[in-house]
Amino acid sequence: MVPFLALHLDRRMGSTLQHQLYEQLRAAILAGRIVPGSRLPATRILASDLSVSRNTIAGAFDQLLAEGYLEGRVGSGTYVARQLPEDLLRVAADPPMAQGRSNDQLKPSQRGQALAAIPVSLTSGESPLHAFRPGIPALDEFPRELWARLSARLLRHAPTAALTYGDSAGYRPLRRAIAAYLGAARGVRCSADQVIVTAGSQQALDLTARVLLDRGDTAWLEDPGYLGARGAFEAADVRCEAIPVDTEGLSVDLGLTLAPKARLAYVTPSHQYPLGITMSLPRRMQLLAWARRQSAWIVEDDYDSEYRYASRPLPALQGLDSSGRVIYTGTFSKVLFPALRLGYLVVPEPLVDAFVSARALADRHCSGIEQIVLTEFLGEGHFARHVRRMRALYAERQHALVTAVSHELGEWLEISPAEAGLDLIGWLARDSTDRAVSELAAAAGVIAPPLSAYAVRARLRPGLRLGYAALSARQIREGVRKLAGIPPATNPPVSRDSDRRAIFAKARSNRG
Ligand SMILES: Cc1ncc(COP(=O)(O)O)c(C=O)c1O
């Protein structure tokens, strides 16, 4: 059945309504807007929709039937002919425009081409439950029944107003709940007014880049670091300066040498991505002093601080800031599940309006329904319970990975327990190439991104990122067994930027 026909009949036109209808249907059939074989609405319904007599419709249909555009099936309605008249077939036989992946006539703008070239992730095309894809929480442990019950209750009983457009800053009770949670759990100092609910941290980073920086401004990014952040800043035409990370976190001294005029620093102080280092207190103070002196911004990405096994998490950098220079972001992707696409920004009060406007222009707001369900999930204590349960589970899974690796791969992969997070790093021999080992792992059916792919200028000991949180102990052991089958690569050349690009290109082709 043809669901919607954009037909418009005008009594003021020179031609009859019947002829107008004939012309419009014929044009739609020829353009392929009505597919051969599809059923047209009944004359009675079409007459009523178009406010014309049934005879007018029947007359136009008869003409199209006579010319072979339509075919009638007794008792079952009128259909677009599967085989169009011969002269029309000639028109249809014109070569269709090539719609493959590349076509010179269908090119995005220069900005669009630049965006297409920016990598977001090394592993987004892979299955999330594939050992050892990093950064994925235990999806099979999410309390789906409970979430479904909360959603069903909401859809049944919420006032109709819950279905309309909402506040671009986010659902007010959720903003209050996030502010209270961050204050208690992370030492973030903020009011609900400063919280903006975003579609994950990725949107938070995109908004931050566009609202706080101008084209050509420079930002410090951790090296090695998070590709999603680099991508967001590059997309906003920001110059990204890779600043090496040492044992205390991003090196402010090197930042001052490499890019003294930077306007922003992006950091993951609780759990450096991907090395897992916690930024020391002196380094935090040094970074804050720099931002104050330079009138620069610090973006604190606190993406997985809920999962700390050995000690209590250090409070957020934001809580130490007295000059309103820190933009804080967090996400529910790692604590609940990434498909939820809910995260948040905490911004100094004078910036709230600009962020909210940019957000409204991008996509208005996140799903109102999901925001209310999440508010109830938080308010009824399910969130805290889930985090507690997952913390214990991830500690077990990490233990399973460390044990299996030490038993089976001890010869060539060095691994030690991590204090936090959903993944850890397996260190390779200093003279091996992690990219080559990662490729061998991929050939053996294991995802293990090479550490060097996250680095720009940093010279790192070669290593592999291994995610464990999403995998059962059995899946972990199976993955390790597959890794045990690959020959370790030795004596390799040092990984270069061109290697990185090749890996990105591969990741991009995987994405499709
Ligand atoms: C460092 C870092 N920040 C943020 C995120 C979360 O992104 P999102 O909230 O958009 O899912 C991730 C996810 O991989 C991450 O690794």
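**Salt bridges and a surface patch**

Me: Hey, is D10 buried or exposed?
Reply: D10 counts as buried, because its relative accessibility is 17%. Buried means under 20% relative accessible area, exposed means over 50%, and partly exposed is in between (1.4 Å probe, protein chains only).

Me: What should I know about the model itself?
Reply: This is a predicted model, where local features need pLDDT of at least 70 and side-chain atom pairs count only at pLDDT 80 or more, while totals for chains, interfaces and linings use all residues. Residues are numbered from 1 along each chain as its sequence is written, and side-chain values use heavy atoms, with hydrogens and water left out.

Me: Thanks! Which residue does D10 form a salt bridge with?
Reply: Its partner is R12, and the closest N and O atoms are 3.1 Å apart. A salt bridge here is a side-chain nitrogen of Lys or Arg within 4 Å of a carboxyl oxygen of Asp or Glu. R12 counts as exposed, with 74% relative accessibility.

Me: How many salt bridges are there by this rule?
Reply: The count comes to 20.

Me: OK, what about D193, which residue does that one pair with?
Reply: D193 forms a salt bridge with R172, with 2.7 Å between the closest N and O atoms. R172 is in helix 7 (172-186) and D193 is in the loop between that helix and strand 3 (195-198), so the pair ties together parts that are 21 residues apart in sequence. Helices (H or I, at least four residues) and strands (E, at least two) are DSSP runs, numbered from the N terminus. D193 is partly exposed at 35%, and R172 is partly exposed at 33%.

Me: And where do R283 and E248 lie?
Reply: They form a salt bridge too, with the closest N and O atoms 3.9 Å apart. R283 lies in helix 11 (residues 281-294), and E248 lies in the loop between strand 5 (239-246) and strand 6 (249-250), so this pair ties together parts 35 residues apart in sequence. R283 is buried at 8% relative accessibility, while E248 is partly exposed at 30%.

Me: Which residues do shared salt-bridge partners join into one network?
Reply: Those are R153, E376 and E380.

Me: New topic: which residues make the nonpolar surface patch?
Reply: L281, M285 and L320 make a nonpolar patch of about 260 Å². Patch residues have over 30% relative accessible area and no salt bridge; like charges are joined within 9 Å, nonpolar side chains (Val, Leu, Ile, Met, Phe, Trp, Tyr) within 5 Å. L320 is in the loop between strand 8 (297-301) and strand 9 (326-331), and L320 is partly exposed at 36% relative accessibility.

Methods:
Areas by Shrake-Rupley, 256 points an atom, 1.4 Å probe, with all protein chains shown as cover.
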